[in-house]
Amino acid sequence: MPTSMSKPQSRTTGRKPLIYAAGVVVAAALFGYVSYRATAPDAPATGSSSVVAGVTADPDEGVYPELEKLARRDAGDKLALGRADAPVVLIEYADFKCGYCGKFARDTEPALVKKYVDAGTLRIEWRNFPIFGADSEAAARASWAAGQQNRFWEFHRAAYAEGAKEKGFGKDRLKALARQAGVPDLDRFARDAEGAAAAAAVSEDQEQGYGIGATSTPSFLVNGRPIAGAQPAETFTRAIEQAADRAKNLGNAGPDTKDSAGPGGEGREGSPGGAGDSGHSASPDRSASPEGSASPEGSASPEGSEK
């Protein structure tokens, strides 16, 4: 059982959940209840604040086909890394102001890229899920704009560097991050970041996250298996390997794609950062957020989380 530390609540969205299979699955119930309850980690007996989410030994348990279908597998997706036909797709819903997202980006993701993306087993698809107001929105649009010049993952790495979020995401700062990421045309970057296309792309990602009932960042889907928070590396490793085995047994290696390498085919150069604790939570109303996740200002966060 979790320790006796205070467990304040985090904010949740007032948006209505999407129904991906009429009369069958309400996505918010899946992500909001199944993920955040079934994968809520127990605190170690030592009383440490580090947490580990359990992934059942049954590769089919906790996997929802309706959520698995959210993988876009678009070879032209500039915010994705890895082969479009990889047997496993990890979808990440994250915010650049989220400290736990940064921890995942620095501590866990690079190892997943090296072990699974480079081997063709895993594809990572990013979803901008800004939940901390104007700065979050601006950073999300800027990341999309960097992606239009094939520098999303470099921007991602710069924005999630240690201490980066503390400097804020004002216009000058975002331009400096783009320069650091090697975005070649900074004038175009500035126009794209302020344009309607960026706003629409971010809104689409955000609504998808709200639609499946995600209330905190980072939140993940691994071939339709929800994982809440930046859990330890072994949680992701086990989920990815189980998903790969399941895909192999089902003969499901993803759809045929002409350009299977996709934008992430360049390997670890421009790869994302890495995982450890958990995340931030979204929106106006309140509900409990996953263990180890953090919440926006004005709401409380659970044990092992960041305010």
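Start at the hairpin of S8 and S9, and select Asn223. The hairpin has 2 residues between its strands, and Asn223 takes a positive phi near 50°. Keep in mind that this is a predicted model.

Next, select both arms of the hairpin. S8 covers residues 219-222. S9 covers residues 225-228. The two strands run antiparallel, joined by 4 bridges. For one facing pair, show Ser219 in S8 and Ala228 in S9, which stand opposite each other.

Stay on S8 and show its side chains. Is each face of S8 covered or open? Both faces are covered. Ser219 and Leu221 are buried on one side. Phe220 and Val222 are buried on the other.

Now add S5, residues 88-94. S5 also runs antiparallel to S8, again with 4 bridges. Pick out Glu92, which stands opposite Phe220 of S8.

Move on to helix H5, residues 134-147, and select Ser136 within it. Is Ser136 buried or exposed? Its relative accessible area is 1%. Buried means under 20%, so Ser136 counts as buried.

Show what surrounds Ser136. Leaving out residues up to four places away in sequence, Ser136 touches Asp95, Lys97, Pro130 and Ile131. Then draw a C-alpha to C-alpha distance from Ser136 to Gly170. The two are 9.9 Å apart in space and 34 residues apart in sequence.

Finally, zoom out to the whole protein chain. The secondary structure comes to 10 helices and 11 strands. The chain has 307 residues, and 54% of them count as buried. Switch on the surface: the chain exposes about 12800 Å², with carbon and sulfur atoms supplying 49% of that area.

Definitions and conventions: Residues numbered from 1 in each chain as written. Predicted model: local features only at pLDDT ≥ 70, side-chain atom pairs only at ≥ 80, totals over all residues. Heavy atoms only, no water. Buried < 20%, exposed > 50% of the residue type's maximum accessible area, 1.4 Å probe, protein only. Pairing = 2+ DSSP bridges. Areas by Shrake-Rupley, 256 points an atom, 1.4 Å probe, with all protein chains shown as cover. Contact = heavy atoms within 4.5 Å.
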